[in-house]
Amino acid sequence: MRVVEILNEKPVQSAWISDLTYNRPNRVLTMRLSNGVSYSIPNISRATFEQWLNSPSKGYFFHNKIKDIYQVGRI
């Protein structure tokens, strides 16, 4: 299987988040901030990833739909 089929990496328009990468088979999302720090968020559904990508504010979505609901760990 090619990497393109496993990972879905998307640069995003955000002052805080530089990109979101979703590993489909493992259901793990990696969020990289504009300062270079990365976080791993396991057990994210594809639908939640898509909602986050389509949200008008990536930071607002993180703080209201991800932060206190999922386990977020710095990597």
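**Exercise 1. Place Glu-50 on the scale from buried to exposed, using its relative accessibility.**

Step 1. In this predicted model, the relative accessibility of Glu-50 is 27%.

Step 2. Buried would need a value under 20%, and exposed a value over 50%.

Step 3. Because 27% falls in between, Glu-50 counts as partly exposed.

**Exercise 2. Find the salt-bridge partner of Glu-50 and describe where the two residues sit.**

Step 1. The partner is Arg-46, and the closest N and O atoms of the pair are 3.1 Å apart.

Step 2. That distance passes the test, because a salt bridge asks for a side-chain nitrogen of Lys or Arg within 4 Å of a carboxyl oxygen of Asp or Glu.

Step 3. Helix α2 holds both Glu-50 and Arg-46; they are four residues apart, or about one turn of the helix.

Step 4. Now check the cover of the partner: Arg-46 has a relative accessible area of 34%, so this residue is partly exposed too.

**Exercise 3. Work out how many salt bridges there are, and analyse the one made by Arg-32.**

Step 1. The count is two salt bridges.

Step 2. Arg-32 meets the side chain of Asp-19, with 2.2 Å from N to O.

Step 3. This pair links distant parts of the chain, since Arg-32 belongs to strand β3 and Asp-19 to strand β2, 13 residues apart.

Step 4. Look at each end in turn. Arg-32 has 36% relative accessibility, so it is partly exposed. Asp-19 has 7%, so it is buried.

**Exercise 4. Name the residues that touch the most other members of the largest nonpolar core, and say which elements build this core.**

Step 1. The largest nonpolar core has 16 residues.

Step 2. Those touching the most other members are Leu-20, Leu-29, Met-31 and Trp-52.

Step 3. Two or more residues come from each of these elements: strands β2 (17-23) and β3 (28-33), and helices α2 (46-54) and α3 (58-66).

**Exercise 5. Sketch the chain as a whole: its elements, its buried share and its surface.**

Step 1. Count the elements: the chain has three helices and five strands.

Step 2. Put them in sequence order, and you get α-β-β-β-β-α-α-β.

Step 3. The chain has 75 residues, and 36% of them count as buried.

Step 4. Turn to the contacts with a separation of 6 or more: 33% of them join residues 24 or more positions apart.

Step 5. Finish with the surface. About 4,800 Å² is exposed, and carbon and sulfur atoms supply 49% of that area.

Key
Residues numbered from 1 in each chain as written. Predicted model: local features only at pLDDT ≥ 70, side-chain atom pairs only at ≥ 80, totals over all residues. Heavy atoms only, no water. Core = buried A, V, L, I, M, F, W, Y, C linked by side-chain atoms within 4.5 Å. Buried < 20%, exposed > 50% of the residue type's maximum accessible area, 1.4 Å probe, protein only. Contact = heavy atoms within 4.5 Å. Areas by Shrake-Rupley, 256 points an atom, 1.4 Å probe, with all protein chains shown as cover.
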